[in-house]
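Hi,

Here is the structure I said I'd pass on. Have a look at it first, and then read my notes below.

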Amino acid sequence: MIIQPSLSLSPSSSAPSLTPSHSSSHFLANPHTSSAASASGRILFTNNNTRVPHILPLTVVPRPRTSSAVHLAKRWPPLGADSMNHPVFGQSLLAFIGEQDARVEEGLMPVILHLQAACKQIAAVLGSPSGLSSVTQNVEASLEAGSSSTRDVPKPLDIVSNDLLKSALKSSGKVCVIASEEDNLPLWLNDTGPYVVVFDPLDGSRNIDASIPTGTIFGIYRRLEEADNLPTDHKASLNVLQRGSRQIAAGYAIYSSAIVLCLTFGSGTHGFTLDRSSGEFLVSHPNIRIPERGQIYSVNDARYFDWPEGLRNYIDNIRQGKGQNPKKYSARYICSLVADLHRTILYGGIAMNPRDHLRLVYEANPLSFLVEQANGKGSDGKRRILDIQPVGVHQRLPLFLGSKEDVSELESYEDVQQLINPGYEL
Ligand SMILES: O=P(O)(O)OC[C@H]1O[C@](O)(COP(=O)(O)O)[C@@H](O)[C@@H]1O
């Protein structure tokens, strides 16, 4: 069985197409297309004044078993025999969350399934020529903003991704409130949805024009029933500003040479790779364990001279093999948080941004929860991320994620948070 969104294509459409006017995009559906095409999220956008794309409720469609697991095994030789011999290797996401006892509470399943459908749709748009046509628009947007930096200018694909996720979460019927990086305020959806979802629709989008990997990040909480009788604005804030330790699930999707969805439901972290032939996410990285210690650090070290002494000493030491690990570390920095973290989760080491830049609510908290569930550690350099009480939806902080021993060693230098934050141009 697979679950697919009851949506599809205009009969004439075989590839996603994004009109130049992203703000009026509309998602068209045709129930007669093949399930693989639907599940891979082929999308047609047209200009018709409808801002939020429509995603209809999910339905279950029978599907014969395929040899997808065999293809996956060929694709991931570095995982080794352990992962591939794991009993859930190659299982579909639906089977994984549906068949494993108590892995996911029943009410949460529609939320996860709508989220994964939205991620497939985002991936489809990102991978389409019309998605790439946003390059021109980005340049124009930058010029309009009177700056060479596009940091604060949302790109068309940020907005499209945001709209897809919002529509998906709304359609699930299970979400009372959402908070997105792209929206100033939380959005109250309904009074009875048992879940709260926070998300960054498209992290790393400054890289998009060069086809560098990007990602979607999300965290899920239970609705605070004790706030039910408060005014909407108030209860919306309280619900989205819960401590990260209260998350019941979190995930990210990385859009790269493979599209991988990493999820935790509070008991381990698992990776699912999109099988393009069937359009399904299949278990490819069961029960990920970050190595206790790695040999890679990831940071924008052009900022070295703005760093405090503790951080400079730490990086100087691990580069030279003078840290707790006698091996010399290598540097890797993509400047795309999800991609830098995904590598760190698989290979070990530490990924960081020491300045107040990344967002607590929808970046640091979900990623820390995933990392902890994979045996790693998430810190702001002084405190466990998941213990910090958020005070604002878009609150920023320094972030250090990765192998337990590497993050603990970093913390032992104490003075590791970059306090100078001039706002860099690139
Ligand atoms: O400029 P820096 O400090 O290297 O920051 C890069 C980080 O910013 C991000 O691009 C996120 O920034 P935005 O949320 O402003 O897009 C991350 O993906 C990346 O890790």
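To get your bearings, start with one pair of strands: in which sense do strand β3 (residues 175-180) and β5 pair, and over how many bridges? They pair in the parallel sense, over 5 bridges. Within that pairing, alanine 179 stands opposite valine 198 of β5. Keep in mind as you look around that this is a predicted model.

Now zoom out to the sheet. Its 8 strands run in the order β4-β3-β5-β6-β7-β8-β9-β10; the sheet is open and the pairing is mixed. At the edges you'll find β4 (187-188) and β10 (280-285). Each of these has a single partner strand, so one side of each has no neighbour in the sheet.

Two helices are worth finding against this sheet. Helix α5 packs on it and touches β3, β5, β6, β7, β8 (259-264), β9 (269-275) and β10, with its direction at about 165 degrees to that of β6. Helix α12 (residues 360-373) lies across β3, β5, β6, β7, β8 and β9, and runs at about 85 degrees to β6.

α5 also has a helix partner. Helix α5 (residues 109-126) packs with helix α8 (residues 156-172) at an angle of about 155 degrees, and their axes are 9 Å apart. Because an angle over 145 degrees counts as roughly antiparallel, that is how α5 sits relative to α8. The crossing of α5 past α8 is right-handed. If you want to click through the contact, the residues on α5 include Val111, Leu115, Ala118 and Ile122, while those on α8 include Val160, Leu164, Leu165 and Ala168. By class, this contact has 14 nonpolar and 5 polar residues, and no charged ones.

Last, the domains. The domain assignment gives domain 1 (2-64 + 104-256) and domain 2 (296-412). Where they touch, domain 1 puts in 26 residues and domain 2 puts in 24. On the domain 1 side, β5 (195-203), β6 (214-222) and β7 (249-255) each supply at least two residues. Which of the elements gives the largest share of that side? That would be β6, with 5 residues. Sorted by class, the side of domain 1 that touches domain 2 has 13 nonpolar, 9 polar and 4 charged residues.

Over to you!

Methods: Residues are numbered from 1 along each chain as its sequence is written. This is a predicted model: local features need pLDDT of at least 70, side-chain atom pairs count only at pLDDT 80 or more; totals for chains, interfaces and linings use all residues. Domain bounds come from an automatic or database domain assignment. Two residues are in contact if their C-beta atoms, placed from the backbone, lie within 7 Å. Helices (H or I, at least four residues) and strands (E, at least two) are DSSP runs, numbered from the N terminus. Ala, Val, Leu, Ile, Met, Phe, Trp, Tyr, Cys and Pro count as nonpolar, Asp, Glu, Lys and Arg as charged, and the others, Gly among them, as polar. Axes are lines fitted to C-alpha atoms, for helices over the stretch in contact, and angles run from 0 to 180 degrees between N-to-C directions. Angles under 35 degrees count as roughly parallel, over 145 as roughly antiparallel, 65 to 115 as roughly perpendicular and the rest as oblique. A crossing is left-handed if the near helix is turned anticlockwise from the far one by less than a right angle, and right-handed if clockwise. Two strands pair if DSSP finds at least two bridges between them.
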